[in-house]
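This briefing is intended for a reader at the bench who has the sequence and the model at hand. Please keep both in view while going through the points that follow.

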Amino acid sequence: MPTITIPGGETIWYKKTGSGKPVIQIHGSAFGHRNFARMTPLMAENFEVIDFDLPGYGESTGSLREAGMKGIADIVHEFVVALGYDKVSLHGTSFGAMIGVNLAAYHPEIIDRIVFSCFLAKYDLAARMMRKTWKIAARDSGMKAVTDLTSVAGFARGYYERPEAQAQFEEMYEAFDATDPEAFIKGTETIEKTDLSPLLPNITMPALLLAGAEDNMTPFNPAPSGVGFSTIEKLLPDCEMKVLDDCGHYLVLEQPEVATRLATEFLLRA
């Protein structure tokens, strides 16, 4: 697969699948591009899908920049421009959605429509405690332990009963193992410092929110110290929301067909 070096010096691994309107997908923390392994083939039936690894993930080199979430969004902006796109649609999930908020707020000229799935604009204290255990596991035990911990929080309970669940967990072990633990920890610490609430009213392009009804990692209604979809929906000027029943945080893995259908209908509406 190709790589490209952007002005900041990072080398980004990426792949393009399908043809049509370009859609860039920004993965969550720990996963890398394999976060979208279930969705990309379905999305590629209608779009040119651009998957990539952030620095420190998979085959990409460099490190996440020091300027917080905006610095990571600047990496994505430079990547999109380096590929020669004037404008793309965006799908960001979890950590990737938080990056996407910054990308849309600070570089709106390259984004036409947005899909955000499963994220908090600000982590509440419970989510911070959850992340604390993941950071300890990453440092002390490695990314396989992080896979187990995030799976407990990330999937709906019923998913564990499905015949494909064990194969999915094995794929996650492989995907997480390709992530530098320090990159994961740095990304997590960036998440913990972030409050996206002031940026959301400035995002004027149409946005679709996809939520899992059983998302315990980034719940629809977090505690008062956090900001979830119940508030994000009100802060985004042009927004609609869909909630997927019997689905957790890993919505793009648990119900890729439903997520793809909703995203496709929304992105082709323009």
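Are Phe-52 and Phe-79 buried or exposed? Both Phe-52 and Phe-79 are buried in this predicted model. The points below begin with the aromatic rings and continue with charges over rings, strand 7, the cysteines and two individual residues.

**Aromatic pairs and cluster**

- The structure holds 12 aromatic pairs.
- One of them joins Phe-52 and Phe-79, whose ring centres are 4.9 Å apart with 35° between the planes, and this pair is tilted.
- Phe-52 belongs to strand 4 (residues 47–52) and Phe-79 to helix 2 (residues 68–82), so their pairing ties together parts of the chain that are 27 residues apart in sequence.
- Phe-155 and Tyr-160 form an edge-to-face pair, because their planes stand at 85° and edge-to-face applies over 60 degrees; the centres of these two rings are 6.3 Å apart.
- The two partners of that pair are covered to unlike extents: Phe-155 is buried, at a relative accessible area of 2%, whereas Tyr-160 is partly exposed, at 36%.
- Phe-155 and Tyr-160 also belong to one aromatic cluster, together with Phe-31, Tyr-159, Phe-169, Phe-176 and Tyr-250.

**Charges over rings**

- Lys-70 places its charged end over the ring of Tyr-106, at 5.2 Å from the ring centre.
- In a second case, Lys-144 lies over the face of Tyr-173, and the distance to the ring centre is 5.1 Å.

**Strand 7 and its neighbours**

- Strand 7 covers residues 207–212, and 6 of its 6 residues are buried.
- Ala-207, Leu-209 and Ala-211 point to one side of strand 7, while Leu-208, Leu-210 and Gly-212 point the other way. The residues of both groups are buried.
- Strand 6 (residues 111–117) runs parallel to strand 7 and is joined to it by 4 bridges. Within this pairing, Phe-116 has Leu-209 of strand 7 as its bridge partner.
- Strand 8 (residues 239–244) also runs parallel to strand 7, with 6 bridges between the two. Here Leu-209 has Met-241 of strand 8 as its bridge partner.
- Between strand 7 and strand 8 the chain passes through helix 8 (residues 229–235), and this β-α-β crossover is right-handed.

**Cysteines**

- How many disulfides does the structure hold? The number of disulfides is 0.
- Why is Cys-118 not bonded to Cys-247? The sulfur of Cys-247 is the closest cysteine sulfur to that of Cys-118, but the distance of 6.5 Å is too far for a bond. The cut-off for a disulfide is 2.5 Å between the sulfur atoms.
- Cys-247 is likewise in no disulfide, and its nearest cysteine sulfur is that of Cys-118.
- Cys-118 counts as buried, because its relative accessibility of 1% falls under 20%. Cys-247 counts as buried too, at 0% relative accessibility.

**Trp-13**

- Trp-13 is located in strand 2 (residues 11–17).
- With a relative accessibility of 9%, Trp-13 counts as buried.
- Beyond its neighbours within four places in sequence, Trp-13 is in contact with Met-1, Pro-2, Thr-3, His-33, Asp-51, Phe-52, Asp-53, Glu-59 and Ser-60. Among these, Phe-52 is the residue already described as the ring partner of Phe-79.
- Trp-13 and Tyr-106 are 93 residues apart along the chain, and 23 Å separates their C-alpha atoms. Tyr-106 is the residue whose ring lies under the charged end of Lys-70.

**Lys-135**

- Lys-135 forms part of helix 4 (residues 125–140).
- Is Lys-135 buried or exposed? Its relative accessible area is 15%, so Lys-135 is buried, the cut-off being under 20%.
- When residues up to four places away in sequence are not counted, Lys-135 touches Ile-185, Thr-188, Glu-189 and Glu-192.

Definitions and conventions:
Residues are numbered from 1 along each chain as its sequence is written. This is a predicted model: local features need pLDDT of at least 70, side-chain atom pairs count only at pLDDT 80 or more; totals for chains, interfaces and linings use all residues. Side-chain values use heavy atoms; hydrogens and water are left out. Rings of Phe, Tyr and Trp (its six-membered ring) pair if their centres lie within 6.5 Å; planes under 30 degrees apart count as stacked, over 60 as edge-to-face and the rest as tilted. Buried means under 20% relative accessible area, exposed over 50%, partly exposed in between (1.4 Å probe, protein chains only). A charge sits over a ring if NZ of Lys or CZ of Arg is within 6 Å of the ring centre and within 35 degrees of the ring normal. Two strands pair if DSSP finds at least two bridges between them. A crossover is right-handed if, with the strands pointing away from the viewer, the path from the first strand over the helix to the second runs clockwise. Contact means heavy atoms within 4.5 Å.
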